[in-house]
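User: I'd like a close look at one part here: the surroundings of the ligand. Start there, then walk me outward until I can see how that part ties into the rest.

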Amino acid sequence: MDTTVFVPTDDTRTDGRAVAAVRARSLTKTYGSGAAQVRALDGVDVDFEGGRFTAIMGPSGSGKSTLMHLLAGLDSATSGQAFIGTTELTGLGDKELTLLRRDRVGFVFQQFNLLPMFAAEQNITLPVELAGGAVDREWLATLTRTLGIEDRLTHRPAEMSGGQQQRVAIARALIAKPDVVFADEPTGNLDSRSGAQVLSFLRRSVRELGRTIIMVTHDPAAAAYADRVILLADGRIAGEISDPTPEAVLAGLDALRSLEAPLAGDAEVGA
Ligand SMILES: Nc1ncnc2c1ncn2[C@@H]1O[C@H](COP(=O)(O)OP(=O)(O)O)[C@@H](O)[C@H]1O
Ligand SMILES: [Mg+2]
């Protein structure tokens with residue numbers, strides 16, 4: 001946990017509640033310039049509580065990946081602020097950002113991003129070892145057992161299924177016990193059974209291990225594993241759903257679509 005006492009002025013709590021694990025304040029990102037300029041994020045304000053599993057949903061191009069990258073310190077904002085705990089990412093230099101990404105953030109990519117020449121175990125432990133840290137063997141054993149990959153640790157990525165590779169990538173994201181794990185469509189390349197295993201693990205790591213997870217997904221069934229869904233449209237927060245069911249998520253996405261597609265008949269087009 002972050003023990004820094006500095007609390008940004010806009011978030012000084014008088015109700016005794018902890019500062020959110022992750023926050024965005026007027027977070028804005030534009031790409032390009034002039035006529036080609038794209039406002040990928042447009043003044044996003046959002047809090048993600050610690051120890052919760054949040055899903056981010058929205059149409060393709062609505063800014064989901066951009067938001068995740070800015071919150072994880074993988075990319076820099078055009079304006080506004082991003083915080084992990086009380087640390088303002090938008091005020092950090094390159095070196096501090098590298099340390100923050102290494103020590104406090106885990107990231108799971110849709111494409112797994114494993115190193116092909118290394119076995120599963122090295123893929124999981126390499127980031128810790130490269131940082132000069134000691135791998136917590138007990139935690140490694142817990143992670144790999146819980147993820148059901150303990151008998152795959154000597155296999156290279158090419159010798160594993162997509163679901164197994166993604167579970168290795170999740171173990172890699174969790175090995176350093178980060179404050180927050182970001183997962184960008186972690187089940188996007190998986191069959192539904194492997195996807196369900198990955199989602200169950202993510203939920204367990206929140207419920208049983210107290211992790212904080214923020215996940216982008218297209219799939220209402222996947223989003224229903226989360227405690228809360230944030231809806232994005234056109235780079236803005238367009239709504240939120242607590243304790244989502246697949247039906248509630250579908251209804252939320254339909255409402256978004258009808259806002260975005262005012263042309264007659266568009267709202268009836270099936271998902
Ligand atoms: N590196 C980039 N250069 C230019 N435009 C980008 C870049 N990354 C994203 N965009 C644009 O920003 C918008 C939001 O993209 P993104 O965050 O990837 O959306 P999503 O993940 O919701 O599909 C889109 O219009 C996309 O084309
Ligand atoms: Mg994306």
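Analyst: Here's the walk, starting at the ligand and moving outward.

One bit of housekeeping: this is a predicted model, where local features need pLDDT of at least 70, side-chain atom pairs count only at pLDDT 80 or more, and totals for chains, interfaces and linings use all residues. Residues are numbered from 1 along each chain as its sequence is written, while chains are lettered from A and ligands numbered from 1 in the order in which they are written.

The protein chain has 8 helices and 10 strands; these are DSSP runs numbered from the N terminus, with H or I for helices of at least four residues and E for strands of at least two.

Now the ligand. Around ligand 1 you find Y31, G32, V38, A40, G58, S60, G61, S62, G63, K64, S65 and T66, where being around it means that a C-beta atom, placed from the backbone, lies within 6 Å. By type, the shell splits into 8 polar, 3 nonpolar and 1 charged. In that split, Ala, Val, Leu, Ile, Met, Phe, Trp, Tyr, Cys and Pro are nonpolar, Asp, Glu, Lys and Arg are charged, and the others, Gly among them, are polar. Two elements, β2 (38-48) and α1 (64-71), each give at least two residues to the shell, and α1 has the largest share, with 3 residues.

Follow β2 first. Strand β1 (residues 22-31) runs antiparallel to it, joined by 7 bridges; strands count as paired when DSSP finds at least two bridges between them. Along that pairing, R23 faces D47 and L27 has V44 as its bridge partner. The two strands make a hairpin with 6 residues between them, and G32 in the turn has a positive phi of about 70 degrees. That's the G32 you just met in the ligand shell. β1 also has β4 as an antiparallel partner, through 5 bridges, with A24 set against A82 in β4.

Next, follow α1. L71, the last residue of the α1 range (64-71), is among the residues that touch the most other members of the largest nonpolar core, which has 67 residues; the others are I170, A171, F182, L202, I214 and V229. A core here is a set of buried Ala, Val, Leu, Ile, Met, Phe, Trp, Tyr and Cys residues joined through C-beta atoms within 7 Å. Helix α5 (residues 162-174) supplies the largest share of this core, 6 residues.

In the loop between α1 and β4 (79-84) sits G73. Why is G73 called buried? Because 24 other C-beta atoms lie within 10 Å of its own; the cut-off is 20 or more for buried, 12 or fewer for exposed, and partly exposed in between, with C-beta atoms placed from the backbone. Ignoring neighbours within four places in sequence, G73 is in contact with L89, L97, L100, R101 and V105, contact being C-beta atoms, placed from the backbone, within 7 Å. T98 is 25 residues away from G73 along the chain, with 8.2 Å between their C-alpha atoms.

V105 leads to the open sheet, as β6 (105-108) is one of its edge strands, the other being β10 (236-242), and each pairs on one side only. The 6 strands run in the order β6-β7-β8-β3-β9-β10, with mixed pairing. On average, neighbouring strands are turned by 20 degrees against each other, direction ignored. Helix α5 packs on this sheet, touching β6 and β7 (180-184), and its direction makes about 170 degrees with that of β6. For those angles, axes are lines fitted to C-alpha atoms, for helices over the stretch in contact, and angles run from 0 to 180 degrees between N-to-C directions.

At the β10 edge, β9 (residues 228-233) and β10 are antiparallel over 6 bridges, with A233 opposite R236. D234, in the loop between them, has a positive phi of about 50 degrees although it isn't a glycine. With 17 C-beta neighbours inside 10 Å, D234 counts as partly exposed. In β9, V229 reaches A55, M57, A223, E240, I241, P244, V249 and G252, leaving aside neighbours within four places in sequence.

Zooming out, buried residues make up 39% of the 271 in the chain.

Methods: Contact = placed C-beta atoms within 7 Å.
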